Amino acid sequence: MFNPEEMPIFPSISLKPEVTEYLKSIFLNKEVLAVVGQQEAEHRFQKLLTCLSHPPSYTCVRASTHLAPLEEIRHKLQEELKKQMGSSSAEEAPIQILPHPRIADVLLLPVEGPRPVKQLGSEVLVGAQCGSAVLRGAHVFAPGIIASPKHMKVGDKVSVFSDLEGRCTRGATSFQGNKVFVGNGVAEMDRSSIFCTDEPTRGVGVRMVEPLYRSPSFDGVLPDLAFLQNLPSVVVGHVLGPQPGERILDMCAAPGGKTCHIAALMGDQGAVVALDRIRNKIDHIFQNAQMLHLQSIKAYCFNSTQAVSSEPAQESEGPPFPPESFDRVLLDAPCSGLGQRPNMASTWSLKEICSYPPLQRKLFQAAVRSLKKGGILVYSTCTVTLAENEEQVAWALNTFPCLTLQPQDPHIGSEGMLGAGLSPEQLRLLQRFSPELSWDPTETSIPLSCRADKDTIGFFIAKFMKN
Ligand code: SAM
């Protein structure tokens, strides 16, 4: 067990001051203050900023229960991870893998950390995204490396730091800017193989042996049976409730985590139409579908704001589609992503953050048009702002009288946040994953499965029926 007093001090997420002020105005809005008071609201807001920079205290795996029973997958995973540990350290305790008590295709693995790890003299600097992946159990892949010691050779022990603001020049030999220590590793490549090649270098550049957070690496581990996915994202698939034989539209689908889950829940019977605006990302949907042995997915590169047309493409299965042609629609909307964890720094401006709600509304309009009467629409985001979540729900209910909010199953998150003028009944039907309400990394006496439901990324889900 780690001692909180020895915990390395980890900073809160670093944001532009205008963004911090904006978020503060949301979390301390009048409706919230009237219920919880200034002091509690401020405490929650500070907690949010701190927990965003830390990873959740468990790893969530979606098991391919369309291919094998959960217990068999759990057993195989245990064996694979034992092999992985055998090659790192014999002293480490075996990793626990627990089924989620309410979600039949979820396995949870506790993450240990932050652990007291001594920094070394040699430093490798990685990009912020790579640093976040390391904090969730990944090794350092060569493209993520930005700076390394001048004479780094295979086998050298190095400390890995994350460049929080992306200020370091690629190929540097040291960096004194804003960086955070994420653990120690062993170089698997020389400096010259990383920086002095014409072709981009692939593969592991630094194998992490003493990560700040201990969590298994899933690189190449049971790729068809164990899919890494944040718990709220798995909840989305279940809340949508797809049934075998239905026709489902996933409007913003890449890289296809939720698309594949939907197809798996349907037993691969029916059609899941996946759209994404970015062409390269469509390949990821196909790769994931292939890896998980799913045939019912059809993916197209398309701007989903135009997904529906009264004059659909002739003799084509693809978009645009006739109105009211889908049984269920998932709009996992492009968003400001401020719920992602760990996220130690965001350089986004307020203007960038505020650019999402108009796009989300255009997509929402297309979603409602594409849906059959009696059909189900699920709207989700991985952000914490009111404007992209509860305010969108209030707008949708005013704009489309045919829509009604529906209960969600499972409902393991909190209810919607006050501040958008929704009634208490409406708020209870929403599902907001708010890590700031319960996050405490030193609290280990609560069973993992209960902690796991609360210590998630920030996320939001609303479920509507078209009447
Ligand atoms: N649902 C995905 C999953 O679970 O793997 C994640 C989707 S991500 C939150 C949002 C996606 O929306 C991005 O891949 C982005 O390229 C796509 N996107 C943004 N604007 C779009 C548009 N107008 N039409 C279709 N896709 C769009």
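Select strand β8 (residues 179-187) and strand β9 (residues 204-211) of this predicted model: the two run antiparallel and are joined by 5 bridges. Strands are DSSP runs of E with at least two residues, helices runs of H or I with at least four, numbered from the N terminus; two strands pair if DSSP finds at least two bridges between them. Within this pair, Gly183 has Pro211 of β9 as its bridge partner.

Residues are numbered from 1 along each chain as its sequence is written. Local features need pLDDT of at least 70 and side-chain atom pairs pLDDT 80 or more, totals for chains, interfaces and linings use all residues, and side-chain values use heavy atoms, without hydrogens and water.

Next, widen the selection to the open sheet of 6 strands, ordered β5-β9-β8-β7-β4-β6 with mixed pairing. At its edges stand β5 (140-141) and β6 (145-147), each with a single partner strand, so one side of each has no neighbour in the sheet.

Now select strand β12 (residues 271-276). Here 6 of the 6 residues are buried (under 20% relative accessible area, 1.4 Å probe, protein chains only), so the strand is largely enclosed by the rest of the structure. Ala271, Val273 and Leu275 point one way from β12, while Val272, Ala274 and Asp276 point the other way.

Add the strands paired with β12. Strand β11 (residues 247-250) runs parallel to β12 through 4 bridges, and Asp250 stands opposite Ala274. Strand β13 (residues 297-301) is also parallel to β12, joined by 5 bridges; in β13, Ile297 is the bridge partner of Val272.

Methods
Buried means under 20% relative accessible area, exposed over 50%, partly exposed in between (1.4 Å probe, protein chains only).
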